[in-house]
Amino acid sequence: MSDERLAGLAVNLELWWPDRPPLERVAAAADTGFGQAEIWYWPNWDIDRLTKACRRHGVSMSQIGGWDFEPRLSDPEHRSRFRDGIARAVEVALRLGAPRINVNGPVLRPGEDPVSVRAGVGEALAGAIAVVEEAGLTLMVEPMNVRVDHPGYALPTSADVIEVCEAVGSEALGINWDLYHLQVTEGDLTGHFAQGREYVAYVQAADHPGRHEPGTGEIDYRFLFAEVRRLGYTGPIGLECTPRDGERAAIERIAALL
């Protein structure tokens, strides 16, 4: 496998090579030919050792998770904790050389008004975005499906997160455009992508059903990958998927679609 076939892809270190210790997955990514990787919530990692491993193996970090559901960023009493958490995530992202920080929104409580919760998310982001702007980084909010993976999630559609981005009004805030989640939630992937293109900060890919690599399910990724590039997205595509038949087979399957 040549590096050229994997250019533009970022492998998820949480889901690939699960039989290896986390830091050894950096070496596995490099040995396989990946030059980029992504991680979920950063406090779950030894950042000093991860930074050294990435430098040693020549792997750059495309994005890190900076806020993971709780405490709820939509609740006013947690706003200062959210600001402090994002400030710490900025420090970690700069150490790792990661240009993007992902935020997961809250889960709705029984009887809550989704519109009010989204407004609260926007207020929290507006209060924390300055430190991201000053660092020259991008903060991302991720829409995630409620049917399969995240029941009750407050921001399931691209329109929900676009609404939040518009309310904040900062170029440093965008969307982690996860094609798997949006297929489950809303479909019409290229149509919605075209409509929301100005807010797309990052793209993640997995197939449905199963959340395995592209080429294992119902999504026409051969068309979709080409369309995403045609519509002007030039950033990395994060492979947030579980290899169905092992990593080598997954890479061959993905490369055949590019």
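This report walks through a predicted model, starting with its barrel and moving outward to helices and loops.

## The barrel

Let's begin at the centre of the description. Eight strands form a closed barrel in the order β1-β2-β3-β4-β5-β6-β7-β8, and their pairing is parallel. On average, neighbouring strands of this sheet are turned by 30° against each other, with direction ignored.

Several of the strand pairs can be followed bridge by bridge. The table gathers four of them, each with a residue pair to look for on your screen.

| Strand pair | Bridges | Sense | Residues that stand opposite |
|---|---|---|---|
| β2 (residues 36-41) and β3 (residues 60-68) | four | parallel | glutamate 38 and glutamine 63 |
| β3 and β4 | four | parallel | glycine 65 and asparagine 102 |
| β6 (residues 173-178) and β7 | four | parallel | aspartate 178 and glutamine 204 |
| β7 and β8 (residues 237-239) | two | parallel | glutamine 204 and glycine 238 |

Glutamine 204 is a handy landmark here: this β7 residue is the bridge partner of aspartate 178, and it also stands opposite glycine 238 in β8. The strand that carries it, β7 (residues 200-204), is mostly covered, with five of its five residues buried.

## A closer look at β4

Strand β4 spans residues 100-104, and five of its five residues are buried. In a regular strand, side chains alternate between the two faces of the sheet. In β4, Arg100, Asn102 and Asn104 lie on one side and Ile101 and Val103 on the other, and both faces are covered.

Asparagine 104 deserves a visit of its own. It sits in β4 and has a relative accessible area of 9%, so it counts as buried. What does asparagine 104 touch, leaving out residues up to four places away in sequence? Its contacts are Trp67, Asp68, Phe69, Leu73, Glu142, Met144 and Tyr153. If you would like a distance to check, the C-alpha atoms of asparagine 104 and methionine 140 are 8.6 Å apart, while the two residues are 36 apart in sequence.

## Helices α2, α3 and α4

Now to the helices. Helix α2 (residues 24-32) and helix α3 (residues 47-57) have axes that come within 9 Å and cross at roughly 20°. The two helices are therefore roughly parallel to each other, and α2 passes α3 in a right-handed crossing. On the α2 side the contact uses Val26, Ala27 and Ala30, which meet Leu50, Ala53, Cys54 and His57 of α3. By residue type, this contact holds six nonpolar residues, one polar and no charged.

Helix α3 also packs against helix α4 (residues 79-96), at an angle of about 25° and with the axes 9 Å apart. That angle makes α3 roughly parallel to α4. Here Ile47, Asp48, Leu50, Thr51 and Arg55 of α3 make the contact with Val92, Arg95 and Leu96 of α4. The residues of this contact divide into four nonpolar, one polar and three charged. Leu50 of α3 is worth picking out, since it takes part in the contact with α2 and in the contact with α4.

One more residue in α2 to locate is threonine 32. Is threonine 32 buried or exposed? Its relative accessibility is 12%, so threonine 32 counts as buried. Its C-alpha atom is separated by 21 Å from that of valine 203, and the two residues are 171 apart along the chain.

## Backbone details in the loops

The loops hold some backbone features to look at. Glutamate 70 and proline 71 are joined by a cis peptide bond, with omega about -5°; proline 71 belongs to the loop between β3 and α4. Another cis peptide bond runs from histidine 208 to proline 209, with omega near 0°. Proline 209 lies in the loop between β7 and α9 (221-230).

Two non-glycine residues have positive phi values. Tryptophan 17 has phi near 55° and is placed in the loop between β1 (9-12) and α2. With a relative accessible area of 4%, tryptophan 17 is buried. Aspartate 188 has phi near 45° and is found in the loop between α7 (179-185) and α8 (189-196). At 51% relative accessibility, aspartate 188 counts as exposed.

How values were computed: Residues numbered from 1 in each chain as written. Predicted model: local features only at pLDDT ≥ 70, side-chain atom pairs only at ≥ 80, totals over all residues. Heavy atoms only, no water. Axes fitted to C-alpha atoms, helices over the stretch in contact; angles between N-to-C directions. Parallel < 35°, antiparallel > 145°, perpendicular 65-115°, else oblique. Left-handed = near helix turned anticlockwise from the far one by under 90°. Contact = heavy atoms within 4.5 Å. Nonpolar A, V, L, I, M, F, W, Y, C, P; charged D, E, K, R; others polar. Buried < 20%, exposed > 50% of the residue type's maximum accessible area, 1.4 Å probe, protein only. Pairing = 2+ DSSP bridges.
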